Amino acid sequence: VRLVGEVLDQQIVDSKERKFGKVDGLVLEVNDEVNGDGEARVAFIEIGSPTLGRRIGKRVERWALAWNRRLGVRREPRYRIPWSKVLDVGVDVKVEIDGKDEPPLDWERWMRDHILSKLPFA
Amino acid sequence: MRAGAPFGAAPARRRRAAMNLLEIALGIVTGIGGFLEVGSIATSADAGATFRFQLLWALAIATICLCFLTEMSGRLAAVSKHSLADAVREEFGFTFTIIPRSLELIVNFMVLTAELGGVCMALKLVTGWPIRVFAIPVTLLAWLLIWLGTLKIVENGTALLGLLTLCFVVAAWKHHPPLHDVLHGLLPTVPHHDSAHYWFIAISIVGATIAPYMFHFYSSGAIEDKWDEKSLGTNRLSAGVGMTFGGGIAAAVVIVAGSVFFPRNIQIGQYEQVPLILFPTLGRWAVPLFAGSLGVCCFGAALELALATAYMLAQTFGWNWDENEKPHREARFAVAYTAMLLLSGLLLLTGLDPLKLTMYSMALTAVILPLVVVPFLLLMNDEKYLHEHTNGPIGNAVVVITIVLASLIAIVTIPLQLAGGGG
């Protein structure tokens, strides 16, 4: 079991060394049947503005969800990475996922296709 | 002040000694040529014109504090492999980090506008055309240079051209200022007149010297250049020596303004007056040299500010960031600096008074400094990040006392200054 404080808010790096977002939230599971000790384990890492918003307050979370819906760029406002995909926790959290087409990079793609490509000398 | 290019790249073992010397030299040149920017020129000139040499102490304390903080930014990155914004979010969490980062975003936007305004003002001094004419071309040129990924070249170029600012040292020398009076100015004293304005300039000097964006810029540069523990000696030397020389140039501006404007009781109300401080010593070279210094320094600072803001946002939200990378691989980072520059350029078009904007953004910087610097210092004392390279007691003490006092004085003084008509 990793300490929550060690992983939360760390940089996530995907299998291609791409910066994939930060650990915006953690989903814990308490599994009494396996351990019998009620110990919490990290089940998922969450990336997304509603997850971040929730840490400030419920209202900010709702606001983030509403904006996500309205803008319609990000397919899945709360993206979950199962803990089993985490390869290493050091300076960054390395995950065994190719982030290229995953929702956390939806905005990155959108800005590239809709803004950067229209600028001169692109 | 400006951050200056973090010098050199990953060291090659063979040419290590020679490389180190070159890196240190470049670091020092950057410290000298890159020190002045719109804020330090305006605050130093105002200090000299209104209080002769009496405010030199504020510049001295701020410069010493800056030496420590610059060294710390490099050490944090070299040892922990974290930039400042990365480490603060990781250690103190998102709900805390959003406070200093939002404040910095606002201040950076104001200062970036002031720097672009400084470049336009320099062009105005030479051509006589109004600021609005230059606002958009200057902004576009700054954007283009970052966009084309020529930062390192531009950085070193503006640092070298920034040696033009040595003209202030020449002018100060020619005035033969009484050494006793200069040294006396290094001791903090209470003013005999205009005390609200005195303290306002004092904290504006602190805000102009210790600019928070440079910590982001410097630590990000150190990570891009893959610094490690071996870089610490070079880092210490170039931060210490470079910034000290840089502070010396700002002191020269105070001395020149104090020798020319103070005896004649001339108050600085407009940028157009400032080049006149060089007139008695440099004659017809006064305006071109002043305009050149102002233009080059502000342009370099504007590039750094736009990038530093993009670094800060990228590291807070986990986007790709790397100036050496092609823009399309880091779209959000590129959009961030593009938007910053665009908004600042548009704000300039409204025709606001660039000198007032500069003075108030410097004072505001002093207000927010503790929120940026205190978490930074806590990190620098944390063995989890710095291992055996944590801060010593002197660095901690100098920085805490300077920052907290400056912020408190700023909170008291800014309302007084606003009530008194400003400027």
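**Exercise 1. Determine which element gives the largest share of the lining of the second largest pocket, then describe that pocket.**

Solution. In this predicted model, the largest share of the lining of the second largest pocket is three residues, and they come from α11(B).

Step 1. Take the volume: the second largest pocket holds about 710 Å³.

Step 2. Find the residues at its centre. The lining counts 27 residues, and K19(A), D92(A), I223(B), K226(B) and W321(B) are the closest to the centre of the pocket.

Step 3. Assign the lining to elements. Two or more residues each come from β1 (11–13) and β2 of chain A, and from α4 (84–92) and α11 (213–224) of chain B.

Step 4. Sort the lining by class. It has 15 charged residues, seven nonpolar ones and five polar ones.

**Exercise 2. Describe the largest pocket by volume, lining and residue class.**

Solution.

Step 1. The volume of the largest pocket is about 1,100 Å³.

Step 2. Its lining consists of 34 residues; nearest the centre lie S49(A), L52(A) and W107(A) from chain A, with F317(B) and W319(B) from chain B.

Step 3. On chain A, the elements giving two or more residues to this lining are β2 (19–22), α3 (49–56), α4 (58–71) and α5 (106–114). On chain B they are α5 (94–127), α14 (286–317) and α15 (331–349). The largest share, six residues, belongs to α4(A).

Step 4. By class, 23 of the lining residues are nonpolar, seven are polar and four are charged.

**Exercise 3. Work out how chain A and chain B meet, from contacts and buried area to residue classes.**

Solution.

Step 1. Count the residues in contact: 27 on chain A and 28 on chain B.

Step 2. Take the buried area. The two chains bury about 2,300 Å² between them, with 61% of it on carbon and sulfur atoms.

Step 3. Count the polar links. Between chain A and chain B there are 12 residue pairs in polar contact, both residues being at pLDDT 80 or more.

Step 4. Locate the chain A side of the interface. The elements of chain A that give two or more residues to the side touching chain B are β2, α3 and α5. The residues on this side divide into 16 nonpolar, eight charged and three polar.

**Exercise 4. Count the salt bridges and place the one formed by D9(A).**

Solution.

Step 1. Between chain A and chain B the count is four salt bridges.

Step 2. D9(A) pairs with R89(B) in a salt bridge, and their closest N and O atoms are 2.6 Å apart.

Step 3. Search the whole structure: over all chains, 19 salt bridges are found. The pair D9(A) and R89(B) crosses between chains, with D9(A) in the loop between α1 (4–7) and β1 of chain A and R89(B) in helix α4 of chain B.

**Exercise 5. Give the secondary structure and extent of chain A.**

Solution.

Step 1. Chain A contains five helices and seven strands.

Step 2. Read from the N terminus, the order of its elements is α-β-β-β-α-β-α-α-β-β-β-α.

Step 3. The C-alpha trace of chain A spans about 60 × 35 × 20 Å along its principal axes.

How values were computed:
Residues numbered from 1 in each chain as written. Chains lettered and ligands numbered in written order. Predicted model: local features only at pLDDT ≥ 70, side-chain atom pairs only at ≥ 80, totals over all residues. Heavy atoms only, no water. 1 Å grid on protein atoms, 1.4 Å probe; cavity = no way out; pocket = protein on both sides within 12 Å on 5 of 7 lines; lining within 4 Å. Points joined across faces, edges and corners; volume = space filled by probe spheres on them. Helix = DSSP H or I, 4+ residues; strand = E, 2+ residues; numbered from the N terminus. Nonpolar A, V, L, I, M, F, W, Y, C, P; charged D, E, K, R; others polar. Contact = heavy atoms within 4.5 Å. Buried area = accessible area lost by both parts, 1.4 Å probe. Salt bridge = Lys/Arg side-chain N within 4 Å of Asp/Glu carboxyl O. Polar contact = N/O pair within 3.5 Å; in protein donor to acceptor, adjacent residues only side chain to side chain.
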